[in-house]
Amino acid sequence: MKKLIALLLVLTMVIAMAACAKTETTETTETTAAPETTEAVTEAPAETEAETEAPSEEAPAVMTYEEYMAAETDALVTVETYVQGHQSWWEDKITVYCQSPEGGMFLYELACSEEDAAKLVPGTKIRVTGTKAVWNGEVEIMGGTFEFVEGGDTFVAEAKDVTELLGTEELVKHQNELVSFSGLTVEKIAYKNDEPGDDIYVTLGYNGASYDFCVEVYLTGTDSDVYTAVGELKEGDVVNVEGYLYWYEGPNTHITSIAVAAAE
């Protein structure tokens, strides 16, 4: 009997120890499980486009005529001058012949509304900003803008006789001015495209040398007195001429007036 009781006590202890071992194992498994990890998310900063604007070159202060002529080619220039005449307005652009007491200027294709074009009468003072350019010897301002000088004075040039400067280096100093020539002999008259309706190329002689002139149709039109008069000239006629001293590889005056000289 005692042996039976002892055996039961031993069996009870073994079962109890097995249960304890299972519990400890379970607890160990639960407590030693790998810790839960979270993956850090790093967001790239949102891309922002820098606002970039093309730099706008500031217009320079108004230059004197001498400063303008001394400026480098392709420089941005600002001048004040006076309208003397202009070519036809077209597609918000206009080409203007200008002059001040200091000298002449040629303004090629200024930005201009049709309404403002009608206001560009001789003597009108304007302020112009554009790029100084030289094309085949012609000094000009191209691609510019302008504004009217309110309350400004007026100036209308008188034609300067430069006949005796033909063939000299002094003539170019009067480029783009309103000038006159007297006693020149007609050598050749030719229409651009060989028929009336376009520019007229005129070759005039003086002191044994020949010089090019032009009736610029966008300046005078085809129904003007000067266009008709030039078309009626004959070789050998002696003429007096007025016009703007344009330059194209040498003097190439844009004629505004011409008349056969009176016989002596």
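This report walks through the strands, the salt bridges and the hollow spaces of one protein model. Keep in mind that the model is predicted.

**The strands**

Let's start with the barrel. Here 5 strands close up in the order E1-E2-E3-E5-E4, and their pairing is mixed. On average, neighbouring strands of this sheet are turned by 55 degrees against each other, direction ignored.

What does "pairing" look like up close? Strands of a sheet pair through backbone hydrogen bonds, and they can do this in a parallel or an antiparallel way. Take E2 and E3, which pair in the antiparallel sense over 7 bridges. If you want to find one of these contacts on screen, look for Gln 99, whose bridge partner in E3 is Gly 104.

Now move along to E7, which covers residues 178–191. Strand E7 pairs with E6 in the parallel sense, over 2 bridges. Asp 161 shows you where to look, since its bridge partner in E7 is Ser 180. E7 also runs antiparallel to strand E10 (residues 238–244), and 6 bridges join the two. Leu 178 has Tyr 244 in E10 as its bridge partner. Then there is E8, which is joined to E7 by 6 bridges and runs antiparallel to it. In that pairing, Thr 185 stands opposite Gly 205 in E8.

While you are looking at strands, here is a handy general point: in a regular strand, the side chains alternate between the two faces of the sheet.

**The salt bridges**

How many salt bridges does a search of the whole structure find? The search turns up 7 of them. Three are set out here, each with the distance between its N and O atoms.

| Lys partner | Acid partner | N to O distance |
|---|---|---|
| Lys 125 | Glu 80 | 3.6 Å |
| Lys 125 | Asp 153 | 3.6 Å |
| Lys 173 | Glu 170 | 3.2 Å |

Lys 125 appears twice, so let's look at its surroundings. Is Lys 125 buried or exposed? Its relative accessible area is 18%, and because buried means under 20%, Lys 125 counts as buried. Glu 80, at 26% relative accessibility, is partly exposed. Asp 153 is also described as partly exposed, with a relative accessible area of 44%.

What does the bridge from Lys 125 to Glu 80 do in terms of the chain? Lys 125 sits in strand E4 (residues 125–135) and Glu 80 in strand E1 (residues 76–86), so the pair ties together parts that are 45 residues apart in sequence. The bridge between Lys 125 and Asp 153 links distant parts of the chain too: Asp 153 is in the loop between strand E5 (138–148) and strand E6 (160–161), 28 residues from Lys 125.

For the remaining pair in the table, Lys 173 is exposed at 53% relative accessibility, while Glu 170 is partly exposed at 40%. Which residues are joined into one network by salt bridges that share partners? They are Glu 80, Lys 125, Arg 127, Glu 147 and Asp 153.

**The pocket and the cavity**

Next come the hollow spaces. The largest pocket has a volume of about 740 Å³. It is lined by 30 residues, and the closest to its centre are Gln 87, Tyr 108, Glu 216, Tyr 218 and Tyr 246. Several strands give two or more residues to this lining, among them E2 (93–100), E3 (103–111) and E11 (252–260). Sorted by class, the pocket lining has 15 nonpolar, 6 polar and 9 charged residues.

There is also 1 cavity of 30 Å³ or more, with a volume of about 30 Å³. Which residues line the largest cavity? The list is Tyr 65, Tyr 68, Met 69, Gly 104, Met 105, Val 139, Gln 175 and Asn 176. Helix H2 (65–70) and strand E3 each supply at least two of the lining residues, and H2 gives the most, with 3. By class, the cavity lining has 5 nonpolar, 3 polar and no charged residues.

Strand E3 is a good place to finish your tour. It takes part in the barrel, pairs with E2, and gives residues to the lining of the largest pocket as well as to that of the largest cavity. Gly 104 brings two of these threads together: Gly 104 is the bridge partner of Gln 99, and Gly 104 is one of the residues that line the cavity.

Methods: Residues are numbered from 1 along each chain as its sequence is written. This is a predicted model: local features need pLDDT of at least 70, side-chain atom pairs count only at pLDDT 80 or more; totals for chains, interfaces and linings use all residues. Side-chain values use heavy atoms; hydrogens and water are left out. On a 1 Å grid over the protein atoms alone, a cavity is a set of points where a 1.4 Å probe fits but cannot get out, and a pocket is an open set with protein on both sides within 12 Å along at least five of seven lines; lining residues have an atom within 4 Å of a point. Grid points are joined across faces, edges and corners, and a volume is the space filled by probe spheres set on the points. Helices (H or I, at least four residues) and strands (E, at least two) are DSSP runs, numbered from the N terminus. Ala, Val, Leu, Ile, Met, Phe, Trp, Tyr, Cys and Pro count as nonpolar, Asp, Glu, Lys and Arg as charged, and the others, Gly among them, as polar. A salt bridge is a side-chain nitrogen of Lys or Arg within 4 Å of a carboxyl oxygen of Asp or Glu. Buried means under 20% relative accessible area, exposed over 50%, partly exposed in between (1.4 Å probe, protein chains only). Two strands pair if DSSP finds at least two bridges between them. Axes are lines fitted to C-alpha atoms, for helices over the stretch in contact, and angles run from 0 to 180 degrees between N-to-C directions.
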